[in-house]
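Dear colleague,

I am handing over the structure below, and after it you will find what was found on going through it. Please read the notes with the structure open beside you.

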Amino acid sequence: MTEYERPNTVSGLGAKHKELCDLRERYRNEIKKLTVDIDHLDACIRLFDPKADTQAIKEYVTKHRAQKGSVKRFVLSTLREASGPMTSRELTELWVRDRGLNADEATLTAIRKRIGACIKTAVNQDLIECTGQTTDHGANGPYKLWRLKRGG
């Protein structure tokens, strides 16, 4: 066990850290719920008026906006914890599920573009590498497989 010069200070800071992390998680869960509720309301509005121009549709991009660096942190931590290489599509589906977003094709396409841009940046920074392609040649064709670069 490591001895600290000021154990009460370290203990207090650790407790405060946990408290703030718990608070952040609670707010994150509330934001997910609100986002889903807004999506449901928009869908209901479009049931009665398919031509309705709801504010959520106009603000689609900002509604799904991520905090600076959060996509990169998500991609790197997901690849770090993965049992093998992953595709951008798999990373996208995990991101959408994690954020509680509506998983329609338009959302998946927009988020996959963000994940793809993040992957390109991470490759240029020598953080991740391509390990080949999937053998699946479905509607979207094969995807490249990505993993953390060894020693990176």
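In the protein chain, residues 24 or more positions apart account for 47% of the contacts with a separation of 6 or more. Please bear in mind that this is a predicted model. The secondary structure of the protein chain comes to six helices and two strands, and the pattern read along the sequence is α-α-α-α-α-α-β-β. Of the 152 residues in the protein chain, 24% are buried.

To begin at the start of the pattern, helix α1 covers residues 7-48, and its 42 residues reach 62 Å from the first C-alpha to the last, which is close to the 62 Å expected at 1.5 Å a residue. The buried residues of α1 are Thr 35, Asp 39 and Asp 42.

Much of what follows concerns two later helices and the way they meet. Helix α5 (residues 88-99) and helix α6 (residues 105-124) pack at an angle of about 115 degrees, and their axes lie 9 Å apart; the crossing of α5 and α6 is right-handed. On the side of α5, the contact is made by Ser 88, Arg 89, Leu 91, Thr 92, Glu 93, Trp 95 and Val 96, while α6 contributes Glu 105, Thr 107, Leu 108, Ile 111, Arg 112, Ile 115 and Ile 119. Sorted by character, the residues of this contact between α5 and α6 comprise seven nonpolar, three polar and four charged.

One residue of that contact can be followed individually. Thr 92 is found in helix α5, and with a relative accessibility of 0% Thr 92 counts as buried. When its neighbours within four places in sequence are left aside, Thr 92 is in contact with Leu 108, Ile 111, Arg 112 and Ile 115.

Turning to α6 in its own right, this helix has 20 residues and reaches 28 Å from its first C-alpha to its last, close to the 28 Å expected at 1.5 Å a residue. Which residues of α6 are buried? They are Thr 107, Leu 108, Ile 111, Ile 115, Cys 118, Ile 119 and Ala 122. Seen down the axis of α6, these buried residues fall within an arc of 105 degrees, and they therefore line one face of the helix. As general background, an α-helix has 3.6 residues a turn, so residues three or four places apart point the same way. On the other side of α6, the exposed residues are Ala 106, Lys 113, Lys 120 and Asn 124. Just after α6, Asp 126 takes a positive phi of about 65 degrees.

Two further residues may help you to find your way around. Thr 87 has its place in the loop between α4 (70-81) and α5, and at 5% relative accessibility Thr 87 counts as buried, given that the cut-off for a buried residue is under 20% relative accessible area. Not counting residues up to four places away in sequence, Thr 87 touches Thr 134, Tyr 143, Lys 144 and Leu 145. Glu 90, for its part, has its place in helix α5 and is partly exposed, with a relative accessible area of 36%. The C-alpha atoms of Glu 90 and Leu 145 are separated by 9.8 Å, although these residues are 55 residues apart along the chain.

With best wishes

Conventions:
Residues are numbered from 1 along each chain as its sequence is written. This is a predicted model: local features need pLDDT of at least 70, side-chain atom pairs count only at pLDDT 80 or more; totals for chains, interfaces and linings use all residues. Side-chain values use heavy atoms; hydrogens and water are left out. Axes are lines fitted to C-alpha atoms, for helices over the stretch in contact, and angles run from 0 to 180 degrees between N-to-C directions. Helices (H or I, at least four residues) and strands (E, at least two) are DSSP runs, numbered from the N terminus. A crossing is left-handed if the near helix is turned anticlockwise from the far one by less than a right angle, and right-handed if clockwise. Contact means heavy atoms within 4.5 Å. Ala, Val, Leu, Ile, Met, Phe, Trp, Tyr, Cys and Pro count as nonpolar, Asp, Glu, Lys and Arg as charged, and the others, Gly among them, as polar. The expected span of a helix is 1.5 Å times one less than its number of residues. Buried means under 20% relative accessible area, exposed over 50%, partly exposed in between (1.4 Å probe, protein chains only). The arc is that of the directions from the helix axis to the C-beta atoms.
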